[in-house]
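Colleague: Could you take me through this structure before I start on my own notes? I would like the overall picture, and then whatever stands out locally.

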Amino acid sequence: MVEEYLQNIKKQFKSYKEVADKTILQLSEKDLGWKYNEASNDIACIMIHLSENMRSRWTDFFESDGEKEWRNRESEFSKQNLNAIELKEKWELGWKCLFDALDSLDENNFDKTILIRNKKVKLIESITRQMAHYPYHIGQITYIGKMILNEKWKSPSIPKGKSVEYIKREFERNLK
């Protein structure tokens, strides 16, 4: 049961990352820094926030608190002075940390508790929290990308008005 759950979780995280990646690939370096207004976050900030959250939560998660001393959460929401390549490298580093951590889990360590902000939580609670947190921000990335690209937007999932086609294709594929 634990192995099945972990495989499902990895699959879900990968699908969320894919949506973000498909959006990010459509955007220019300048687009990654675009903000709707001063109260908004740009995509670069969201990417850094997610990456730093993943690194903090999943680095040595059995041995140390998930809120690492080296993390500066406030700076994640400041203007990011990174070029697109540096930004994507940091983005991938966070995801690698997450997937490496998930790959280290099994039935022997799955029931352990971990610390987040000096509070003991079950590992499954932490995973569930992140399963809600990451797609929340990926939705923001996607929506900002859609606003920037307007009619040039290519949906990273099922395009508007294409649901019937998509479902038909899925049924046909599953019959084979």
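**Walking through the model**

Modeller: Let me begin with one residue: arginine 71 has a relative accessibility of 8%, so it counts as buried. Please keep in mind throughout that this is a predicted model.

Colleague: What does arginine 71 meet in a salt bridge?

Modeller: The side chain of arginine 71 meets that of glutamate 67, with an N to O distance of 3.4 Å. Glutamate 67 is at 22% relative accessibility and therefore counts as partly exposed, whereas arginine 71 is buried.

Colleague: And which residues are linked with them in a network of salt bridges?

Modeller: The network links Arg57, Glu67, Arg71, Glu76 and Arg117. Arginine 117 sits in the loop between β1 (113–116) and β2 (119–122), and with a relative accessible area of 47% it is partly exposed. Its backbone deserves a look as well, since phi of arginine 117 is near 55°, a positive value in a residue other than glycine.

Colleague: Where else is there a positive phi in a residue other than glycine?

Modeller: Asparagine 150 has one, with phi near 50°. That residue is found in the loop between α6 and α7 (163–175), and it is exposed because its relative accessible area is 55%, the cut-off for exposed being over 50%.

Colleague: Stepping back, how many helices and strands does the protein chain have?

Modeller: There are seven helices and two strands, and along the sequence they follow the pattern α-α-α-α-α-β-β-α-α. The C-alpha atoms fill a box of roughly 50 × 50 × 25 Å along the principal axes. Of the 176 residues, 39% count as buried. As for contacts between residues at least 6 apart in sequence, 74% of them join residues at least 24 apart.

Colleague: What about the exposed area of the chain, and how much of it do carbon and sulfur atoms supply?

Modeller: The protein chain exposes about 11100 Å², of which carbon and sulfur atoms supply 52%.

Colleague: Let's go to α5. What should its 20 residues span, and how far apart are its end C-alpha atoms?

Modeller: Helix α5 covers residues 84–103, and at 1.5 Å a residue it should span 28 Å; its end C-alpha atoms are 28 Å apart, so the two values agree. At the N-terminal end, asparagine 83 acts as a cap, with a side-chain oxygen 3.0 Å from the backbone nitrogen of isoleucine 85.

Colleague: Which residues of α5 are buried, and what covers them?

Modeller: The buried residues are Ala84, Leu87, Trp91, Gly94, Trp95, Cys97, Leu98, Phe99, Ala101 and Leu102. Their cover includes α1 (2–25), α2 (29–32), α3 (43–58) and α6 (123–149).

Colleague: Back to charges for a moment. How many salt bridges does a search of the whole structure find?

Modeller: The search finds twelve. One of them joins lysine 17 to aspartate 21, with the closest N and O atoms 2.5 Å apart. These two residues are four apart in helix α1, which means that about one helical turn separates them. Lysine 17 counts as buried because its relative accessibility is 10%.

Colleague: What about glutamate 52 and arginine 55 in α3?

Modeller: They form a salt bridge too, the closest N and O atoms being 2.8 Å apart, and they lie three residues apart in helix α3, about one turn of the helix. Glutamate 52 has a relative accessible area of 11% and is therefore buried, while arginine 55, at 22% relative accessibility, counts as partly exposed.

Colleague: Last topic, the surface. Which residues make the nonpolar patch?

Modeller: Trp34, Tyr36, Tyr143 and Met147 make a nonpolar surface patch of about 460 Å². Tryptophan 34 is placed in the loop between α2 and α3, and it counts as partly exposed because its relative accessibility is 33%. Tyrosine 143 is found in helix α6 and, at 54% relative accessibility, counts as exposed.

Colleague: How far is the C-alpha atom of tyrosine 143 from that of threonine 23?

Modeller: Those C-alpha atoms are separated by 9.1 Å, although the two residues are 120 residues apart along the chain.

Technical notes
Residues are numbered from 1 along each chain as its sequence is written. This is a predicted model: local features need pLDDT of at least 70, side-chain atom pairs count only at pLDDT 80 or more; totals for chains, interfaces and linings use all residues. Side-chain values use heavy atoms; hydrogens and water are left out. The expected span of a helix is 1.5 Å times one less than its number of residues. Buried means under 20% relative accessible area, exposed over 50%, partly exposed in between (1.4 Å probe, protein chains only). Contact means heavy atoms within 4.5 Å. A polar contact is a pair of N or O atoms within 3.5 Å; within protein, one must be able to donate a hydrogen and the other to accept it, and residues adjacent in sequence count only if both atoms are side-chain atoms. Patches are made of residues with over 30% relative accessible area and no salt bridge: like charges are joined within 9 Å, nonpolar side chains (Val, Leu, Ile, Met, Phe, Trp, Tyr) within 5 Å. Accessible areas come from the Shrake-Rupley method with a 1.4 Å probe; for residues, only the protein chains shown count as cover. A salt bridge is a side-chain nitrogen of Lys or Arg within 4 Å of a carboxyl oxygen of Asp or Glu.
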